[in-house]
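Reader: Hi! I'd like to talk through a structure with you before I set anything up. Could you show it to me?

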Amino acid sequence: MPYYHVVFTLPAAIADIAYQNKAAIYGILFKTSAETLVTIAADPKHLGARVGITSVLHTWGSAMTHHPHVHMIVPGGGISPDGERWITCRPGFFLPVRVLSRLFRRLFLHKLVAAHQAGRLKFFGDHAALAGRKAFATYLAPLRKTEWVVYAKRPFGGPKAVLAYLSRYTHRVAISNSRLIAMDDARVTFKWKDYRAERHERLKVMTLDIHEFIRRFLIHVLPGGFHRIRHYGLFASGSRRAHNIARMRELLAAPKPQREPGDADATDPSETPTLSHPCPCCGGRMIIIETFTRGCSPRTRPAGSIRIDTS
């Protein structure tokens, strides 16, 4: 089936305060963008189906400036509410971006105000006055009238293109080595794209003071333990995901995936997951190092350092 690429972007005024409240505002961005897509897709006036979403958070623009947005990879269809048929979207068209934009704006601002009232937001420097409710309401007032940017790109060129996109962008932070041109003790030079320019003039070169380059890079380091790849709807983590994917394959009359030789973790999606100790956070497989009696200390110590993936 075709997979669509949908992007939800925060306005600059929200990005300014997100820099000081990363965990809270990035979390709201994830939740409201997913809720928006799931809600509009379920509306019979549009698609009328339950959809699956893989979301990836990006916080940078090409010049490493602060530009928070979420990329979503979404199948071009979904399961009907009764679970009995597959509903395909119109060829080349997934969902209306203006409808998505306005619901996204309403949901985000509602949750943002709730976070402010609950004392979950902190403000410093030029934004210190926003700690007051009246000042914060005044700050948000213009954002209730502007159009928020939601972009739905044309379908990917098949499953391989989807995997190629995800493999390039899921674990990259701010800039790749291939964009670096030169460096000395004072400056760093790198390639970037200016999307406001004409297509043939977009590729440009920028040189930054080394301290400014490091500052821009560190802007995009996420809070500890924050997951920037998340799944929603039919793809939500847990035992239901395997059931949903199996049902999708059944409704599409798709062949069962071939198990790779030697792949011990591969399972038939129609089978119930057999993980005896799934991770409560991501649903992945946990490895038992030792079992010990309640109230006692473990005897085993890790042989080396344990790497924790906070992406």
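Author: Here we go: the chat below covers confidence, the cores, salt bridges, backbone angles and the surface.

Reader: Great. What kind of model is it, and what is the mean pLDDT?

Author: This is a predicted model. The mean pLDDT of the protein is 85, and 88% of the residues reach 70 or more.

Reader: And where does the pLDDT drop below 50?

Author: One such stretch is residues 262–273, which has 14 contacts in the model beyond near neighbours in sequence. Another is residues 303–311, with nine contacts counted in that way.

Reader: Noted. How many helices and strands are in the protein?

Author: The protein has seven helices and 10 strands. Of its 311 residues, 39% count as buried. Looking at contacts between residues at least 6 apart in sequence, 66% join residues at least 24 apart.

Reader: Let's go inside, then. How many residues does the largest nonpolar core have?

Author: It has 48 residues. Those with the most contacts inside this core are Ile14, Ile25, Leu47, Met72, Phe94, Phe108 and Leu112.

Reader: Which helices and strands supply at least two residues of it?

Author: On the helix side, they are H1 (12–18), H2 (22–42), H3 (97–117) and H4 (133–140). The strands are E1 (3–9), E2 (52–60) and E3 (66–75). The largest share comes from H2, with 10 residues.

Reader: Is there a general reason for such a grouping, or what would you say about it?

Author: As a general tendency, nonpolar side chains in soluble globular proteins are buried together.

Reader: Pick one of those core residues for me. What does Leu112 touch?

Author: Leaving out residues up to four places away in sequence, Leu112 touches Ile14, Ile17, Ile25, Ile28, Leu121, Phe136 and Leu140. Apart from this core lies another one, of 11 residues, including Trp60, Ala63, Ala174 and Met206.

Reader: Switching to charges: how many salt bridges does the count come to?

Author: The count comes to nine. One of them joins the side chains of Arg102 and Glu147, at 3.0 Å from N to O. Arg102 lies in helix H3 and Glu147 in the loop between H4 and strand E6 (150–153), so this pair ties together parts that are 45 residues apart in sequence.

Reader: Are those two buried, exposed or partly exposed?

Author: Arg102 is partly exposed at 40% relative accessibility, and Glu147 is partly exposed too, at 43%.

Reader: What about Asp194, which residue does it form a salt bridge with?

Author: Its partner is Arg196, and the closest N and O atoms are 3.5 Å apart. Asp194 counts as buried because its relative accessible area is 9%, under the 20% cut-off. Arg196, at 79%, counts as exposed.

Reader: Which salt bridges share partners?

Author: Salt bridges of that kind join Glu84, Arg247 and Glu250 into one network. Glu250 and Arg247 have their closest N and O atoms 3.0 Å apart. Both lie in helix H7 (residues 239–251), three residues apart, about one turn of the helix. Glu250 counts as exposed, at 54% relative accessibility.

Reader: Back to H3 for a second. What does Val97 touch?

Author: Val97 lies in helix H3 and touches Val150, Tyr151 and Ala152, not counting residues up to four places away in sequence. Val97 and Val150 are 53 residues apart in sequence, while their C-alpha atoms are 5.9 Å apart. Val97 is partly exposed, with a relative accessible area of 34%.

Reader: Now backbone angles. Which residues other than glycine have a positive phi?

Author: Among them are Met64, with phi near 65°, and Ala253, with phi near 55°. Met64 lies in the loop between E2 and E3, and Ala253 in the segment after H7.

Reader: Buried or exposed, for each?

Author: Met64 is buried, at 0% relative accessibility, whereas Ala253 is exposed, at 67%.

Reader: Last topic, the outside. What makes up the nonpolar surface patch of about 260 Å²?

Author: Ile214, Leu218 and Val221 make that patch. Leu218 is found in helix H6 (residues 210–219). The protein as a whole exposes about 19000 Å², and carbon and sulfur atoms supply 56% of it.

Reader: Lovely, thanks for the tour!

Notes: Residues numbered from 1 in each chain as written. Predicted model: local features only at pLDDT ≥ 70, side-chain atom pairs only at ≥ 80, totals over all residues. Heavy atoms only, no water. Patch = residues over 30% accessible without salt bridge, like charges linked within 9 Å, V, L, I, M, F, W, Y side chains within 5 Å. Areas by Shrake-Rupley, 256 points an atom, 1.4 Å probe, with all protein chains shown as cover. Salt bridge = Lys/Arg side-chain N within 4 Å of Asp/Glu carboxyl O. Helix = DSSP H or I, 4+ residues; strand = E, 2+ residues; numbered from the N terminus. Core = buried A, V, L, I, M, F, W, Y, C linked by side-chain atoms within 4.5 Å. Buried < 20%, exposed > 50% of the residue type's maximum accessible area, 1.4 Å probe, protein only. Contact = heavy atoms within 4.5 Å. pLDDT = per-residue confidence, 0-100.
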